[in-house]
Amino acid sequence: MDRRRFLKSLIACPACTSAALAQEAGPHWKYEGEHGATKWGEMDSKFKACAIGGEQSPVDLTGAIHADLQRVAIHWKPETFDIANNGHTIQVTAQDGGSITSLKITYALKQFHFHTPSEHALGGKSTAMEAHFVHSSSEGRLAVVGVLMVAGKRHEGFAEIMRAAPKSEGEAKLKTALDPHSFLPQNRSFYRYEGSLTTPPCSETVEWSVFDSTIEVAEADVQAFRALYPMNARPLQATNRRFLLKGL
Ligand SMILES: [Zn+2]
């Protein structure tokens with residue numbers, strides 16, 4: 001839940017306030033320094049998985065096993081998304097963003113957001129940025145689709161998001177509808193593995209699909225993002241005994 005919506009929910013439920021505020025007052029995590037990514041697991045008992053989990057994300061996408069994987073079927077919907085600067089990233093929140101289907105489970109698109117540099121790496125190398133499309137099923141399972149981004153040709157949708165993004169914590173709305181499909185690379189080869197949220201509480205409930213091919217966005221828009229968030233990527237995590245699969 002983003003902070004603004006969270007605060008609205010307090011107004012709707014005054015009796016919940018003290019418990020909810022206690023939750024909201026939880027540790028303020030960051031990417032670097034005293035509350036940085038290597039400290040998350042010690043900051044709160046709810047964040048334990050960040051330190052001791054065995055299936056954490058992101059990972060280096062290397063040494064994948066080629067497999068006959070069913071592609072994720074993507075049916076997103078264009079809309080005039082809400083754009084939030086939430087203190088950790090720029091998040092694009094969907095009202096009715098459509099869905100994806102993976103292994104016969106349908107997941108609704110909840111939001112997408114960005115990291116710089118990319119969180120996943122290809123053969124040890126990160127790219128300029130990464131977009132995460134976060135979906136959840138009716139049973140609360142999560143599926144995240146990752147798209148690696150490099151500086152190059154201007155991407156109209158990303159330019160529009162950066163133009164609308166509040167410079168400090170707050171919310172805005174796109175003026176015109178954006179089609180999230182514009183963020184998909186042409187070549188849809190992808191990696192799949194079981195992992196976690198890359199932010200606290202680092203819950204290990206995520207089916208990851210990350211495309212092998214990158215998309216291009218304007219260098220000026222990467223810089224516009226970095227002016228707000230110079231570094232918001234969690235370091236690479238150990239693969240341990242997980243299977244990293246690659247499908248065509
Ligand atoms: Zn993310």
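In the predicted model, P58 is situated in the loop that runs between helix 4 (49–52) and strand 1 (60–61). The peptide bond leading into this proline, from S57 to P58, adopts the cis form, with omega near 5 degrees. A cis peptide bond also joins T116 to P117, where omega is near -10 degrees, and P117 is likewise a loop residue, placed between strand 7 (105–115) and strand 8 (121–122).

These loops belong to a protein with six helices and 15 strands. Of the 248 residues in the protein, buried residues make up 34%. Among the contacts with a separation of 6 or more, 66% are accounted for by residues 24 or more positions apart.

The largest nonpolar core comprises 51 residues, and those with the most contacts inside it are I83, A131, F133, V144, V147, M149 and I161. Strand 10 (residues 142–151) gives the most to this core, contributing six residues. The surroundings of V147 illustrate how distant parts of the chain come together: when its neighbours within four places in sequence are left aside, V147 is in contact with E130, A131, F183, L184, P185, F211 and I215.

Helix packing was examined for helix 5 (residues 156–164) and helix 6 (residues 219–228), which pack at an angle of about 30 degrees, with their axes 10 Å apart. Because angles under 35 degrees count as roughly parallel, helix 5 and helix 6 are assigned to that class relative to each other. The crossing in which helix 5 passes helix 6 is left-handed. On the helix 5 side the contact involves F158, A159 and M162, which meet D221, A224 and F225 of helix 6. In terms of residue character, this contact of helix 5 with helix 6 divides into five nonpolar residues, no polar residues and one charged residue.

Positive phi values in residues other than glycine were found at K104, where phi is near 70 degrees, and at C202, where phi is near 60 degrees. K104 lies in the loop between strand 6 (98–102) and strand 7, whereas C202 lies in the loop between strand 12 (190–195) and strand 13 (206–211). The surroundings of the two residues can be described by their C-beta neighbours. K104 has 6 other C-beta atoms within 10 Å and is therefore exposed, since a residue with 12 or fewer falls in that class. C202, by contrast, has 27 C-beta neighbours inside 10 Å and so counts as buried, the cut-off for burial being 20 or more.

A further loop residue, R188, is located between strand 11 (170–173) and strand 12. With 15 C-beta neighbours inside 10 Å, R188 counts as partly exposed, because this class covers values between those for exposed and buried residues. Not counting residues up to four places away in sequence, R188 touches R71 and F211; F211 is also one of the residues in contact with V147. R188 and L248, although 60 residues apart in sequence, are 6.8 Å apart in space, C-alpha to C-alpha.

Methods: Residues are numbered from 1 along each chain as its sequence is written. This is a predicted model: local features need pLDDT of at least 70, side-chain atom pairs count only at pLDDT 80 or more; totals for chains, interfaces and linings use all residues. Helices (H or I, at least four residues) and strands (E, at least two) are DSSP runs, numbered from the N terminus. Two residues are in contact if their C-beta atoms, placed from the backbone, lie within 7 Å. A nonpolar core is a set of buried Ala, Val, Leu, Ile, Met, Phe, Trp, Tyr and Cys residues joined through C-beta atoms within 7 Å. Axes are lines fitted to C-alpha atoms, for helices over the stretch in contact, and angles run from 0 to 180 degrees between N-to-C directions. Angles under 35 degrees count as roughly parallel, over 145 as roughly antiparallel, 65 to 115 as roughly perpendicular and the rest as oblique. A crossing is left-handed if the near helix is turned anticlockwise from the far one by less than a right angle, and right-handed if clockwise. Ala, Val, Leu, Ile, Met, Phe, Trp, Tyr, Cys and Pro count as nonpolar, Asp, Glu, Lys and Arg as charged, and the others, Gly among them, as polar.
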